[in-house]
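Please open the structure in your viewer and keep the sequence panel visible beside it, as each stop on this tour begins with something to select.

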Amino acid sequence: MRVLTQNKSFSYYFLTTLKIRPPAIVARCITLGQIVQFVYILYAFAHVTVVWVVLQKPCEIDATSLSLTWFMDLSYLYLFIDFYLRKYRKKTTEKTKKIEYDQ
């Protein structure tokens, strides 16, 4: 999944540097894909955390690395969700208000 998401992201960025504007839905889907990717990564970290901390099974990761990874991925997830809401929900709200005013 990560490879597909990154491939689409970089392809989109490459096209925009060539002044080719893909449809807006493409950017929106890429952002959603990145959010899903971070949710999936957090699920994997939750599994590692449960196995290591709760079940006390040996793991080849130390507490500092696991903590920093949790912090980093939660930060990325927050930032991508914040970006998505600011970029895409705002337009929907503005369109809805315009329709309400026109009626």
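Begin by selecting D82, which you will find in helix α3. What you are looking at is a predicted model, and the values quoted at each stop are computed from it. D82 counts as partly exposed, because its relative accessibility is 22%, and partly exposed covers the range between the 20% limit for buried and the 50% limit for exposed. Now add R86 to the selection and show both side chains, which are joined by a polar contact of 2.9 Å.

Stay in the same helix and move to D73, whose place is also in α3. Is D73 buried or exposed? With a relative accessibility of 4%, D73 counts as buried, because the limit for that class is under 20%. To see what surrounds D73, select F38, I41, L42 and F45, which are its contacts once the neighbours within four places in sequence are left aside. These four residues, F38, I41, L42 and F45, also appear among the buried residues of α2, and α2 is where the tour goes next.

Before that, zoom out and show the whole chain as a cartoon. The protein chain has three helices and zero strands, and if you read along the sequence you meet them in the pattern α-α-α. Colour the chain by accessibility, if your viewer allows this, and keep in mind that 21% of its 103 residues count as buried. Among the contacts in the chain with a separation of 6 or more, 66% are between residues 24 or more positions apart.

Now select residues 24-54, which form helix α2. This helix has 31 residues and reaches 44 Å from its first C-alpha to its last, which is close to the 45 Å expected at 1.5 Å a residue. Its buried residues, which you can highlight within the selection, are A27, I30, T31, G33, Q34, I35, Q37, F38, I41, L42 and F45.

From that list pick Q34, which is found in helix α2 and counts as buried at 8% relative accessibility. Which residues does Q34 touch, not counting those up to four places away in sequence? They are T5, S9 and F80, and of these, T5 and S9 are among the α1 residues that meet α2.

Show α1, residues 2-17, together with α2, and turn the view until you can follow both. The axes of α1 and α2 come within 10 Å and cross at roughly 150 degrees. The two helices are therefore roughly antiparallel to each other, since angles over 145 degrees count as such. The crossing of α1 and α2 is left-handed. To display the residues that meet there, select R2, T5, Q6, K8, S9 and Y12 in α1, and V26, A27, I30, G33, Q34, Q37 and I41 in α2.

Next, follow α1 to T17, which lies in that helix. T17 is exposed, with a relative accessible area of 56%, and a polar atom of its side chain lies 2.5 Å from the backbone oxygen of F14, so that pair is worth displaying together. Continue into the loop between α1 and α2, where K19 is found. K19 is exposed, with a relative accessible area of 73%, and its phi is near 65 degrees, a positive value in a residue other than glycine.

For the last stop, go to the loop between α2 and α3 and select Q56, which comes after α2. The phi of Q56 is near 55 degrees, again a positive value in a residue other than glycine. Where does Q56 stand in accessibility, buried or exposed? At 65% relative accessibility, Q56 counts as exposed, because the limit for that class is over 50%. From Q56 you can follow the chain onward into α3, residues 63-102, the helix that holds D82.

Definitions and conventions. Residues are numbered from 1 along each chain as its sequence is written. This is a predicted model: local features need pLDDT of at least 70, side-chain atom pairs count only at pLDDT 80 or more; totals for chains, interfaces and linings use all residues. Side-chain values use heavy atoms; hydrogens and water are left out. Buried means under 20% relative accessible area, exposed over 50%, partly exposed in between (1.4 Å probe, protein chains only). A polar contact is a pair of N or O atoms within 3.5 Å; within protein, one must be able to donate a hydrogen and the other to accept it, and residues adjacent in sequence count only if both atoms are side-chain atoms. The expected span of a helix is 1.5 Å times one less than its number of residues. Contact means heavy atoms within 4.5 Å. Axes are lines fitted to C-alpha atoms, for helices over the stretch in contact, and angles run from 0 to 180 degrees between N-to-C directions. Angles under 35 degrees count as roughly parallel, over 145 as roughly antiparallel, 65 to 115 as roughly perpendicular and the rest as oblique. A crossing is left-handed if the near helix is turned anticlockwise from the far one by less than a right angle, and right-handed if clockwise.
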